[in-house]
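Visitor: Could you pick one part of this model and take me in for a close look? I'd like to see how it connects to the rest of the chain.

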Amino acid sequence: LDAEPCPYVTLTYTARWGYEPLPVPDGSYDLIYASHVIEHIPWWLTVDALKEAHRILTPGGSIEVWTVDFAGLVEVYQGRRVQDDGDCHGRVKCPTQWVAARCYAYDKHGIGWMWHRALFDRFYLHTCLRDAGFSETVDLEKSRGHVHGMVNLGVKGIKSE
């Protein structure tokens, strides 16, 4: 699933998660892995997007959501230190800019829709998953994919049997 067709990847479905229903039948998947996607959905559509994920999961299925950890960003800001070398092509000169770059992201490709539109901390992500109908939520420690450093936050939602 992707938001737009991609010439070098074979996609089963194309949709804009959170903006429209996913073109996937109910109960189709055992696992959804969403790494650094949910923050690109407007904050007011987060629970609706997660309800769609819940709908397409089989009973007992789960979603693994990885996103930017806002609590970690606040900690960096309060400590007045830049955590990594992500300098946004030389634009980051201080901790405030570093936090802004991670909160809002920046449009690397000139397409506009990649900006971050939501912020999450552990408590809020658990709350969103439960509000979407997931019966259990669990903190995740290790990502299946790319690790985004100290800003990586993972929570799993499990659909009841």
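Guide: Let's start just after helix α3, where A105 takes a positive phi of about 60 degrees. Please keep in mind that this is a predicted model. Helix α3 itself spans residues 95-104, and its buried residues are P95, W98, V99, A101, R102 and C103. These buried residues pack against strand β2 and against helix α2, residues 70-79. C103 counts as buried because its relative accessibility is 8%. Another cysteine, C128, is buried as well, at 2% relative accessibility. A search for disulfides across the whole structure comes back with zero.

It helps to step back for a moment and place α3 in the chain. The protein chain has four helices and four strands, and along the sequence they run β-α-β-α-α-α-β-β. Of its 161 residues, 40% are buried. Among contacts with a separation of 6 or more, 65% join residues 24 or more positions apart.

Strand β2, which α3 packs against, leads us on to β4. Strands β2 (residues 57-68) and β4 pair in the antiparallel sense over seven bridges, and W66 has G154 as its bridge partner in β4. Strand β3, residues 136-140, also pairs with β4 in the antiparallel sense, here over five bridges. In that pairing, D139 stands opposite V155. Strand β4 covers residues 152-158, and because six of its seven residues are buried, the rest of the structure largely encloses it.

The segment after β4 holds K159, which deserves a pause. K159 is buried and yet has no salt bridge; D26, the nearest side chain of opposite charge, is 7.4 Å away. What does a polar atom of the K159 side chain have 3.0 Å from it? The backbone oxygen of H54 lies at that distance. Beyond residues up to four places away in sequence, K159 touches H54, R55, L57, T58, P59, G60, G61, F134 and S135.

H54 brings us to helix α1, where T46, A49, L50, E52, A53, H54 and I56 are the buried residues. Their cover includes strand β1 (29-35), strand β2 and helix α4 (122-131). Within α1, A49 counts as buried because its relative accessibility is 0%. Its C-alpha is 4.2 Å from that of G18, although the two are 31 residues apart in sequence. Setting aside neighbours within four places, A49 is in contact with W17, G18 and I41. E52 also sits in α1 and is buried, at 16% relative accessibility. Outside its neighbours within four places, E52 is in contact with W17, P21 and L22.

Now for the charged pairs: the count comes to four salt bridges. In one of them, the side chains of D26 and R55 meet at 2.6 Å, N to O. This pair links distant parts of the chain, with D26 in the segment before β1 and R55 in helix α1, 29 residues apart. D26 is exposed, with a relative accessible area of 56%, whereas R55 is partly exposed at 22%.

In another, E64 forms a salt bridge with R144, with the closest N and O atoms 2.8 Å apart. Here the pair joins strand β2, home of E64, to the loop between β3 and β4, home of R144, across 80 residues. E64 is buried at 6% relative accessibility, while R144 is exposed at 56%.

The side chains of R122 and D139 also meet in a salt bridge, at 3.2 Å, N to O. That one links helix α4, which holds R122, to strand β3, which holds D139, with their positions 17 residues apart. Both partners are partly exposed: R122 at 30% relative accessibility and D139 with a relative accessible area of 35%. Finally, salt bridges that share partners join D26, E52 and R55 into one network. Seen from α1, then, E52 and R55 belong to that network, and R55 is also among the residues that K159 touches.

Notes:
Residues numbered from 1 in each chain as written. Predicted model: local features only at pLDDT ≥ 70, side-chain atom pairs only at ≥ 80, totals over all residues. Heavy atoms only, no water. Buried < 20%, exposed > 50% of the residue type's maximum accessible area, 1.4 Å probe, protein only. Helix = DSSP H or I, 4+ residues; strand = E, 2+ residues; numbered from the N terminus. Pairing = 2+ DSSP bridges. Lys, Arg positive; Asp, Glu negative; His and termini not counted. Polar contact = N/O pair within 3.5 Å; in protein donor to acceptor, adjacent residues only side chain to side chain. Contact = heavy atoms within 4.5 Å. Disulfide = S-S within 2.5 Å.
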